[in-house]
Amino acid sequence: MLRVQINREASVPFDFSLSAEKFCGENFLDNGKFVGEIKISGEVVNDGSSYVARGKIFCCKEFTCDRCLSAAAENQSHDFEEELDAADIDEDFVDITALVRDTLITSQPMKNLCKIDCKGLCPSCGKNLNDGDCDCDNFIVDPRLAPLLDF
């Protein structure tokens with residue numbers, strides 16, 4: 001649990017570092033996993049009417065590229081800021097575990113790519129096109145335009 005002691009009159013900084021395996025477990029993400037240390041830093045601020053938790057998460061994610069199927073790793077940083085509900089506050093402590101977990105999940109990209117310009121695999125022979133071109137003829141004719149090839 002990531003519990004932060006709050007102060008009714010001032011902001012309270014926090015700094016956590018925990019192992020990804022302990023915090024996330026094996027089945028946290030559909031494709032990939034967090035490895036190493038997850039570092040969380042920020043502050044809880046009393047803005048007069050409520051408490052706001054804001055900060056940054058630093059982590060490393062290992063995954064399989066969705067285009068070329070090679071193993072890859074990516075260092076990530078995610079900002080978060082959320083107004084805390086009264087139910088989140090227990091005496092003088094607030095638990096930000098769910099906030100951090102939700103931020104990590106919702107900040108993941110739809111497609112995991114080893115690099116932005118990943119070329120993927122050849123549809124004919126399966127060669128990784130990031131390693132070089134293959135000798136396959138991948139010319140595909142639009143069937144609507146195929147009669148034009150007879151001219």
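**Entry 1: pairing**

I count two strands as paired if DSSP finds at least two bridges between them. With that settled, I opened the model, which is a predicted one, and went to strand E3 (residues 33-46) and strand E4 (residues 51-64). I found that E3 and E4 run antiparallel and are joined by 11 bridges. I then picked one residue to follow across: Val 45 has Val 52 in E4 as its bridge partner.

A reminder I wrote in the margin: strands of a sheet pair through backbone hydrogen bonds, in either a parallel or an antiparallel way.

**Entry 2: the sheet around E3 and E4**

Next I looked up the sheet that holds this pair. I saw 4 strands in an open sheet, ordered E2-E3-E4-E5, with antiparallel pairing. At its edges I noted strand E2 (12-19) and strand E5 (71-84), each of which pairs on one side only. On average, I read a turn of 10° between neighbouring strands of this sheet, ignoring direction.

Which strands does helix H2 touch? I traced H2 as it packs on the sheet and found that H2 touches E3, E4 and E5. The direction of H2 makes about 135° with that of E5.

**Entry 3: the other open sheet I checked**

I moved on to an open sheet of 3 strands, in the order E1-E7-E6, where the pairing is antiparallel. Strand E1 (3-5) and strand E6 (89-90) stand at the edges; each has a single partner strand, so one side of each has no neighbour in the sheet. Looking at E1 with strand E7 (residues 93-95), I found antiparallel pairing over 3 bridges. Here I followed Val 4, which stands opposite Val 94 in E7.

**Entry 4: a backbone angle worth a stop**

I paused at Leu 69, which sits in the loop between E4 and E5. Its phi is positive, about 65°, although Leu 69 is not a glycine. I marked this because most residues other than glycine have a negative phi.

Is Leu 69 buried or exposed? I have it as exposed, because its relative accessibility is 56% and the cut-off for exposed is over 50%.

**Entry 5: a nonpolar patch**

Last, I searched the surface. Which residues make the nonpolar patch there? I found Leu 145, Leu 148 and Phe 151, which together make a patch of about 400 Å². I looked more closely at Leu 145, in the segment after helix H2 (97-106). Leu 145 counts as partly exposed, because its relative accessibility is 47%, and partly exposed lies between the limits of 20% and 50%.

Definitions and conventions:
Residues numbered from 1 in each chain as written. Predicted model: local features only at pLDDT ≥ 70, side-chain atom pairs only at ≥ 80, totals over all residues. Heavy atoms only, no water. Patch = residues over 30% accessible without salt bridge, like charges linked within 9 Å, V, L, I, M, F, W, Y side chains within 5 Å. Areas by Shrake-Rupley, 256 points an atom, 1.4 Å probe, with all protein chains shown as cover. Salt bridge = Lys/Arg side-chain N within 4 Å of Asp/Glu carboxyl O. Helix = DSSP H or I, 4+ residues; strand = E, 2+ residues; numbered from the N terminus. Buried < 20%, exposed > 50% of the residue type's maximum accessible area, 1.4 Å probe, protein only. Axes fitted to C-alpha atoms, helices over the stretch in contact; angles between N-to-C directions. Contact = heavy atoms within 4.5 Å.
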